[in-house]
Every structure is written in C-alpha cells, then in structure tokens.
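Got the viewer open? Take this tour at your own pace, selecting each stop as you reach it.

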Amino acid sequence: AHLVEPLGVRLAFVTGSISSAVRPQLLEALKSGDIDIAIGTHALFSDDVSFKNLELIIIDEQQRFGVLQRIALYKKGHVPDFLMMTATPIPRSLALTFFGDMEVSTIRHLPPGRKPVTTHLANESRRDSVYEFTRKKLKEGQQAYFVYPVISESDRLGLRDAESMAEHLSKKIFPEFKVGILHSRLNDDAKMDVMSRFSEGEISVLVATTVVEVGVDVPNATVMVVEHAERFGLSALHQLRGRIGRGDLQGYCFFVYSKDITEEGRMRLKALYETNDSFAIAEEDLKIRGPGNMFGAEQSGDLQLRIADMRSDFDLLKKARNDAFRIIEDDPSLNSPDNRVIRQVLDRANPYSDK
C-alpha cells in the first residue's frame with residue numbers, strides 16, 4: 001500500500017474475515033470502480049465479488065488453486081490478462097505451455113547471497129544420524145523444521161504425527177532446545193504467536209505440517225526434515241525445501257522415507273535429489289502424474305490423445321512445440337515450399353478457412 005497510494009492508486013484487501021459491517025461497502029467500491037487494485041485470498045472468488053472493469057489477474061502460488069477457482073475469477077472480467085506465479089508448476093499448467101496456450105517466463109537465478117539447498121535422502125533407519133546433524137546446527141545457533149504428514153495420532157496409519165513427535169523431540173531428542181508446533185487446527189492467534197517466536201529465535205525447532213509450505217521466511221532456519229517424504233507430492237516437497245536457505249547460510253534438507261516406499265515415491269525423491277530447478281521438477285511431475293484434462297478441471301492424470309502420450313513422449317512433444325514456434329516465427333503465413341504441406345493440412349482441418 002505504501003508504494004502505490006502516494007501515486008493515487010486506490011487499494012483494498014479482501015479476505016473472508018472482513019466484518020459484515022465493512023463488507024457491503026467494500027464490495028460496492030469494487031463494483032463501482034472506486035478500488036483500483038484488490039489484493040486478497042480465496043474470498044475474491046466469491047459470487048458476490050464483482051468488478052467494474054477487471055483487466056489483469058495475478059495469482060501467486062498458482063499450484064494451490066483449482067482450475068474452477070481460476071475460471072471463476074477470470075469470468076469476473078472481460079478477457080482479462082492472466083499472470084500466474086509459482087515455484088512449482090502443476091502438470092496441467094506445464095502441459096498448456098506445450099500447446100501454446102500459456103507463455104512462460106522463468107527466473108532461474110537465486111537471490112544474491114543465497115546458496116542452493118543441499119538435499120539428502122535418508123532411509124528411516126538413518127533417523128538418528130539426521131537428529132545428530134540437526135543438533136550440531138542447533139548448537140551453532142541455527143534453527144530447524146520437522147514436517148510430518150498428519151497432525152495427531154488418531155489421523156495416522158502407521159505414520160509419525162506432528163503432535164506426538166513434537167513432544168518426543170522436545171523431551172527425548174532436543175531437550176536443551178525449545179520446540180514449538182504449528183498446524184492447521186491452531187487458531188490464528190496461536191499460529192501467529194508460534195511463528196513470531198520462531199522468527200525471533202525463541203523457538204529453535206518448529207514441528208509442523210505442510211502449513212509451512214508457503215509464506216514462511218526465517219533466514220536463520222537452515223535444516224528441513226520431512227518425515228514420510230514419500231507420502232508428499234513433488235510440488236509440496238519442493239516448496240518445503242524452499243523454506244530453508246533463505247539467507248546467507250547453507251540450507252540442508254532431509255527427506256526421510258519409509259522402508260515400504262513405492263516406485264513412484266522413489267521417482268519423486270530421486271527428482272528432488274538430482275535438481276533444485278523448479279521447471280525440471282515440474283517436468284518430472286508431469287511425467288509421473290500426467291497432464292490432467294486440458295478441457296476440464298483435473299490438474300493431473302492421463303490426457304487421452306489418440307497417438308501421443310505426454311508421459312512417454314514428453315521430450316518429443318517438447319521438441320515439436322519448439323519447432324512449431326520456430327516455423328511460425330520464420331514463416332508466419334506458411335507460404336514457403338518447405339511449409340506448404342503444413343498449410344494444406346491446417347486448411348483442411350480448419351472449417352473456417354477460406355481456402
């Protein structure tokens with residue numbers, strides 16, 4: 001707000017927690033055009049939110065929103081421009097880039113001073129070694145995350161859970177350090193209190209679920225331990241890894257996996273171990289899960305093509321897309337002898353062609 005308001009730009013913040021006394025006035029301001037920029041949460045998708053002239057939509061953390069949600073927001077404008085930002089593109093979005101329906105810009109360089117996170121894959125039998133490494137970093141004054149797939153023991157199916165492990169880590173593993181816990185069942189005030197204490201260094205070890213996947217920035221946190229890592233998706237694991245190494249200190253991520261890991265689980269962890277590149281990880285995710293439905297809401301799964309298979313033919317399709325763009329750039333009308341056959345095929349396939 002402090003950046004745009006001096007320029008006369010009117011800005012509003014839209015969330016589901018806005019009081020009933022204020023909400024009608026805010027909605028009317030959006031509808032009448034008295035607000036230039038609306039920044040908000042899922043509340044912007046609500047049916048009662050409308051805009052006078054919606055021209056640009058920017059969605060951050062795109063992987064956390066469904067297709068129908070994005071369409072609902074898109075329909076609130078008249079063919080608005082759409083910018084989606086993410087560190088981990090979902091398979092469907094990546095597939096759309098191959099069909100030319102989405103242009104891509106990438107930022108491949110880390111911010112100045114940051115170092116690539118060192119990733120380790122650890123069988124659960126090596127858990128004590130992971131604890132020992134973490135203790136070493138804690139003694140150096142650094143902090144750590146421990147992430148679990150479920151909140152409580154009643155939720156689990158033979159899984160370690162956040163609540164019982166927070167107690168175990170506090171009493172048995174790191175008794176000399178302060179251990180905190182963060183999960184979705186805590187109220188907002190409790191969440192803010194825990195994160196504030198962790199950010200200020202009062203808490204050394206934060207036990208959590210995937211609520212720390214986005215929006216958490218603690219430069220002094222250098223260790224991320226994800227238990228039962230095989231049960232998380234590639235996107236979630238890459239996002240979790242991104243919570244560390246956010247300062248000038250080296251970050252270390254440990255994906256701890258169970259002995260009964262599936263082959264698909266191994267493929268996901270192998271992809272993360274081999275690269276920190278978001279697009280390379282997204283491409284591997286597409287190969288593993290499939291692209292989903294280009295004309296529906298499914299964001300992963302098989303795309304039923306007659307000949308091509310986006311999983312097994314991924315590299316070929318990627319090359320075909322690049323070749324198609326090169327051909328159109330060099331010969332937009334497809335009039336050259338080399339491209340005349342392509343023009344004829346397209347004309348036959350296009351019922352609106354004047355040829």
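Start with the whole chain on screen: among contacts (heavy atoms within 4.5 Å) between residues at least 6 apart in sequence, 67% join residues at least 24 apart. You are looking at a predicted model, where local features need pLDDT of at least 70 and side-chain atom pairs count only at pLDDT 80 or more, while totals for chains, interfaces and linings use all residues. Numbering runs from 1 along each chain as its sequence is written, and side-chain values use heavy atoms, leaving out hydrogens and water.

Switch to cartoon view. You'll find eleven helices and ten strands; these are DSSP runs numbered from the N terminus, with helices being H or I of at least four residues and strands E of at least two. Along the principal axes, the C-alpha atoms fill a box of roughly 80 × 55 × 40 Å.

Now try a surface view. The chain exposes about 20300 Å², and carbon and sulfur atoms supply 52% of that; such areas come from the Shrake-Rupley method with a 1.4 Å probe, and for residues only the protein chains shown count as cover. Of the 355 residues, 40% count as buried. Here buried means under 20% relative accessible area, exposed over 50%, and partly exposed in between (1.4 Å probe, protein chains only).

Keep the surface on and select Leu-56, Ile-58, Leu-83 and Met-85. Together they make a nonpolar surface patch of about 360 Å². Patch members have over 30% relative accessible area and no salt bridge; like charges are joined within 9 Å, and nonpolar side chains (Val, Leu, Ile, Met, Phe, Trp, Tyr) within 5 Å. Zoom in on Leu-83, which sits in strand β4 (residues 81-84). Its relative accessible area is 40%, so Leu-83 counts as partly exposed.

Next, go to the loop between β2 (37-40) and β3 (56-59), where Asp-47 lies. Is Asp-47 buried or exposed? With a relative accessible area of 80%, Asp-47 is exposed. Draw a distance from its C-alpha atom to that of Leu-73: you should get 9.3 Å, for residues 26 apart along the chain.

Time for salt bridges, meaning a side-chain nitrogen of Lys or Arg within 4 Å of a carboxyl oxygen of Asp or Glu. How many does a search of the whole structure find? The count is 15.

Select Asp-48 and Arg-23, whose side chains meet in one of these bridges at 3.1 Å, N to O. This pair links distant parts of the chain, 25 residues apart: Asp-48 is in the loop between β2 and β3, and Arg-23 is in helix α1 (residues 23-32). Asp-48 is partly exposed at 42% relative accessible area, while Arg-23 is buried at 19%.

For a bridge inside a helix, select Lys-319 and Asp-323, at 3.2 Å, N to O. Both lie in helix α10, four residues apart, about one turn of the helix. Then pick Arg-343 and Asp-347, bridged with their closest N and O atoms 3.3 Å apart; these two are in helix α11, again four residues or about one turn apart.

Add Glu-132, Arg-135 and Glu-176 to see a network of salt bridges.

Last stop: Asn-339, in the loop between α10 (314-330) and α11 (340-349). Asn-339 is buried, with a relative accessible area of 11%. Show what surrounds it: leaving aside neighbours within four places in sequence, Asn-339 is in contact with Ile-327, Asp-331 and Leu-334.
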